[in-house]
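Me: I would like a close look at a single part of the structure shown here, followed by an account of how that part fits into its surroundings.

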Amino acid sequence: MKWTVRPKVVLLAILFSVFVFAFSYFSYLQRYNQRMYRWNIETERISRLVYEMTKEKESSRGIEHLVEQNDFVHYQTKHFDIYCQNGDLAQYLNDKIEKVYESITKSLGYASVDLEYRMGQRIKIVIFKDVETYREKTESPFPWSIGNAVYVTNSFYSYEGPHLKGLVPHELTHLLFYRFLGGRYDLGAMRWLSEGVAMYGESSVYNKFINEVLAPRLDMARRGEHISIRELIKAKDLQQEDLKRIHLWYAECLSIVSFMIEQEGKEKFKEFCLVFSQDRNINNALGKVYPDEFHNVYKLEAEWLRYLKDNRQKW
Ligand SMILES: [Zn+2]
């Protein structure tokens with residue numbers, strides 16, 4: 001059959017309209033899904049906030065009970081309540097702690113709105129005079145423990161000593177990460193990410209341990225002896241591992257977090273953390289937040305190893 005000009009134009013017009021309609025419909029669907037998705041995250045965060053605030057009231061005994069029995073010097077800053085048995089240390093922390101807070105939040109791109117969870121509640125830092133008092137008062141079940149962040153009471157405990165330089169920013173980052181996630185914390189599933197973020201926060205303040213102990217471990221990863229990301233995520237209890245492997249585990253967690261932040265920015269990384277904390281499936285989270293860069297764990301691992309072998313690691 002031979003087409004005249006007119007039916008051809010009509011057919012083209014119909015095809016064009018169908019195409020335009022389909023395109024608008026799909027982009028509408030995509031936008032709608034994105035909106036619903038963000039909305040779900042927000043709703044979840046708000047309900048958790050209410051839940052945690054109720055829970056907090058029930059277990060508010062913690063800190064007052066501890067510091068009442070001892071002779072503590074107390075300072076209050078914008079974001080912290082500092083309790084130390086040593087007055088000089090209390091003064092030192094009072095002078096420095098807000099700067100530490102600023103370095104951590106800046107390095108991770110956390111705005112105050114991101115940390116609204118438990119708004120108005122200061123983080124409590126309790127530093128005992130020595131390790132014996134710390135263990136006795138906190139009833140720490142672990143003989144090797146040198147500090148302890150307690151999410152539910154928003155507090156951090158330790159004792160006087162040089163370890164505080166790295167430990168304070170590390171544990172504070174854990175507490176801030178917990179706030180950022182709106183009080184959601186599945187220690188098992190989130191452990192690798194939480195440790196990577198805590199080391200990243202620590203490195204923005206003090207990186208002696210990171211440079212001297214962790215960085216050399218990455219040579220193992222460069223030689224191909226790394227712990228795969230799938231294994232890294234599964235590692236929930238490191239007690240059974242030898243120290244070399246524990247350090248490699250920490251070094252890799254930090255290296256992957258550094259890679260993701262340096263490569264694609266803080267905003268995307270923040271979104272990834274939120275999605276992963278909700279979904280706990282790394283492939284889903286990567287696919288949603290990094291569809292073009294590293295959409296699954298294999299791609300992430302390949303890109304991260306390339307970054308490592310090219311020595312683009314800054315610390
Ligand atoms: Zn940690």
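Does Asn154 count as buried or exposed, and how many C-beta neighbours does Asn154 have inside 10 Å? Please set the answer in the context of the hairpin, the sheet and the rest of the protein.

Reply: The model is a predicted one, and what follows should be read in that light. Asn154 counts as buried, because 22 C-beta neighbours lie inside 10 Å and the cut-off for a buried residue is 20 or more. Asn154 belongs to the loop that runs between β4 and β5 (155-159). Its phi is positive, near 60 degrees, in a residue other than glycine.

The immediate setting is a hairpin. There are 4 residues between the strands β4 and β5, and Asn154 takes its positive phi within this hairpin. The two strands pair in the antiparallel sense, over 4 bridges. One pairing can be named: Asn148 has Tyr157 of β5 as its bridge partner.

The side chains of β4 deserve separate attention. In a regular strand the side chains alternate between the two faces of the sheet. β4 shows this alternation: Gly147 and Ala149 point to one face and are buried, whereas Asn148 and Val150 point to the other and are not buried.

The hairpin is part of an open sheet of 5 strands with mixed pairing, in the order β1-β2-β3-β5-β4. β4 (147-150) and β1 (73-76) stand at the edges with a single partner strand each, so one side of each is left without a neighbour in the sheet. From one strand to the next, the twist averages 15 degrees.

At the β1 edge there is another hairpin, in which 3 residues lie between β1 and β2. β1 and β2 (residues 80-84) run antiparallel and are joined by 4 bridges. His74 has Tyr83 in β2 as its bridge partner. Helix α3 (residues 87-108) packs on the sheet, where it touches β1, β2 and β3 (123-128), and its direction makes about 160 degrees with that of β2. A further pairing between β1 and β2 sets Tyr75 against its bridge partner Ile82.

The loop between α3 and β3 contains Arg122. This residue is partly exposed, since 15 other C-beta atoms lie within 10 Å. Apart from residues up to four places away in sequence, Arg122 touches His79, Phe80 and Asp81. Arg122 and Phe80 are 42 residues apart along the chain, yet their C-alpha atoms are separated by 4.7 Å.

Arg280 offers a second case of a positive phi. Its phi is near 60 degrees, again in a residue other than glycine. Arg280 lies in the loop between α10 and α11 (282-289). With 14 C-beta neighbours inside 10 Å, Arg280 counts as partly exposed, whereas Asn154 counts as buried.

Arg280 follows helix α10, which covers residues 266-279. At 1.5 Å a residue, the 14 residues of this helix should span 20 Å, and its end C-alpha atoms are 20 Å apart, which agrees. The buried residues of α10 are Phe269, Phe272, Cys273, Leu274, Val275, Phe276 and Ser277.

Phe272 leads on to the interior of the protein. In soluble globular proteins, nonpolar side chains tend to be buried together. Here the largest nonpolar core has 70 residues, and those with the most contacts inside it are Ile125, Leu172, Cys253, Leu254, Val257 and Phe272. Helix α9 (residues 243-264) contributes the largest share of this core, 11 residues. Domain 2 (60-184) and domain 3 (186-315) both give residues to the core, so the core lies between them. For Val257, leaving aside neighbours within four places in sequence, the contacts are Gly196, Val197 and Tyr200.

Some totals complete the setting. The protein has 12 helices and 5 strands. Of its 315 residues, 32% are buried. Among contacts between residues at least 6 apart in sequence, 68% join residues at least 24 apart.

To return to the request, Asn154 is a buried residue in the loop between β4 and β5, with a positive phi near 60 degrees.

Terms used:
Residues numbered from 1 in each chain as written. Predicted model: local features only at pLDDT ≥ 70, side-chain atom pairs only at ≥ 80, totals over all residues. Pairing = 2+ DSSP bridges. Axes fitted to C-alpha atoms, helices over the stretch in contact; angles between N-to-C directions. Contact = placed C-beta atoms within 7 Å. Core = buried A, V, L, I, M, F, W, Y, C linked by C-beta atoms within 7 Å. Buried ≥ 20, exposed ≤ 12 C-beta atoms within 10 Å, placed from the backbone. Domains from an automatic or database assignment. Expected span 1.5 Å × (residues − 1).
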